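Reader: I am in my first year and would like to understand how the words used for a protein model are earned. Could you take me through the terms one at a time, setting each value against its rule?

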Amino acid sequence: MDLLQCSQKLRGKRKRRRSTSLNNLRDGLLLEILLHLPLQSVFQCKCVSNRWCSLISTPYFTRRYVSHLHTNLQPFTLLFECKDDQSITRVLATNSEEPELKSLAAYVHRQSEHLWLEASCNDLLLWRAKDDGEPSSMTVYYVINPITRQCIALPPITLPYHRSWIQAGLICSYDYNKKQLSYSVVLIPYFHDKSREFKVYIFSSNTREWSESMVLCPEGFELTHFAFCAVPYKSLLFWCSNSGRLLGIDPYNTRCCRSFEQPIGWELDKETDCFGVCRGCLRICQISMFYTRFSSILRIWELKDYDNEGGGKWYLEHEVSVNQLVSKKSPWLTEHVQQKYPLPLVLAFHPNDGDILYLAIELKVLLCNLRSKTVEVFCDIPHDPDTWNEKCNIINFVLPSWPTPIPFAPLQNGA
């Protein structure tokens, strides 16, 4: 055997040793390595072998992985609708350096070519099929986990109104006795503000069927065509009217609802500018414009004491004049906010920081610190500012410690 053959044989042995080295590791050591991988990489590793899949699928690995991530706040991104250069509404995501969120941004952008983003709960997204140009009385909704790419199409449903006049919500629940996850989709058609009750359509993953139910409505509650996304909170789906009133519906018992009036200081002739959850509490925001001074006041209220008897009280958390906001990094931004755009579009609350609010002007998303009264560019928007859709669906997607499995959902390779 000559020197070249010996060298090639030695390389082959080394390659074989390298290729089998991970498989020779003990389960405990392999688990420690997997714990340090990004979430999406962990799920890709389940396809390596049956052993790896079994190890990652154990409750012990899930608990260890979640506890390992809880040492830091989970990253997040904003998902929002914006028309592209061909006037097609697409879902975009704000910039993020996290690999999982970069992959998620590309995935939801592709999905939005054929689907409308309707609502979210945890890391599950509710989508509705776009019209293909042919009139149809049937509507199809999809529940998708963009992290695992799990997807399930709900049974088609016939609705009495045009699809754009339907408000949708998604909520998950976990039965600790049965150790079973379930979800529900609630659809509310447009109804007149004088109605004392209205019909809702509910899909349950337990029955895998749509059902109809009547909901008692507080007098004067008006769910308009431009209402915000439903917000899942404390086992209820909450909708906010333009007048700042909240209505929470229990999809498992529609007669069990909760409602909250506007906070003290709310201006009834002004609309709601933002509705969501921050630090585990419901929040609403309103901007009041004073045309005589060409300035505006931004106010944020938080609902506290929700679980106490008698339930829930609004507290004013922030009251800031937009004219007070300054940019330390970009002087031109100070002028834009104070003079050209005193009434910015409010996008979302920060999920963990009660002082942070996200705004939009022209081609930019702004990060506003209400305590320090500063505003800076968070990211750019790649399309024409005129394509911003007021009251468009804006979802704050927080990367989960562990992805939510979709019951009965076949795994798809929607890369």
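Author: Let us start with contact, which means heavy atoms within 4.5 Å. Among contacts in this protein between residues at least 6 apart in sequence, 51% join residues at least 24 apart. Please keep in mind that this is a predicted model, in which local features need pLDDT of at least 70 and side-chain atom pairs count only at pLDDT 80 or more, while totals for chains, interfaces and linings use all residues. Residues are numbered from 1 along each chain as its sequence is written, and side-chain values use heavy atoms, with hydrogens and water left out.

Reader: How many helices and strands are there, and what makes a stretch count as one?

Author: Helices (H or I, at least four residues) and strands (E, at least two) are DSSP runs, numbered from the N terminus. By that rule the protein has 7 helices and 25 strands.

Reader: What makes β3, β4, β6 and β7 a sheet, and which strands stand at the edges?

Author: Two strands pair if DSSP finds at least two bridges between them, and 4 bridges join β6 (residues 141-145) to β7, so this pair meets the rule. Within it, Val-143 stands opposite Ile-152 in β7. The 4 strands form an open sheet in the order β3-β4-β6-β7, with antiparallel pairing. Because β3 (115-121) and β7 (150-153) each have a single partner strand, they stand at the edges, and one side of each is left without a neighbour in the sheet. Neighbouring strands of this sheet are turned by 25° against each other on average, direction ignored. Helix α6 (residues 99-111) packs on the sheet, where it touches β3, β4 (124-129) and β6, and its direction makes about 20° with that of β4. Such angles run from 0 to 180 degrees between N-to-C directions, the axes being lines fitted to C-alpha atoms, for helices over the stretch in contact.

Reader: Why is the pair of Glu-118 and Arg-128 called a salt bridge?

Author: A salt bridge is a side-chain nitrogen of Lys or Arg within 4 Å of a carboxyl oxygen of Asp or Glu. The side chains of Glu-118 and Arg-128 meet at 3.2 Å, N to O, so the pair satisfies the rule. Glu-118 belongs to strand β3 and Arg-128 to strand β4, 10 residues apart. The count of salt bridges in the protein comes to 15.

Reader: How do you know whether Glu-118 and Arg-128 are buried or exposed?

Author: Buried means under 20% relative accessible area, exposed over 50%, and partly exposed in between (1.4 Å probe, protein chains only). Glu-118 has 10% and is therefore buried, and Arg-128 is likewise buried, at 7%.

Reader: What of the pair formed by Arg-279 and Glu-317?

Author: The closest N and O atoms of Arg-279 and Glu-317 are 3.7 Å apart, and the two form a salt bridge. Arg-279 lies in the loop between β17 (274-278) and β18 (281-290) and Glu-317 in strand β20 (residues 313-321), so the pair ties together parts that are 38 residues apart in sequence. Arg-279, with a relative accessible area of 44%, is partly exposed, and so is Glu-317, with 26%.

Reader: Which residues are joined by salt bridges into one network?

Author: Salt bridges that share partners join Glu-267, Asp-269, Lys-270, Arg-299 and Glu-319. One of these salt bridges is between Lys-270 and Asp-269, whose closest N and O atoms are 3.4 Å apart. Asp-269 is called exposed because its relative accessible area is 62%.
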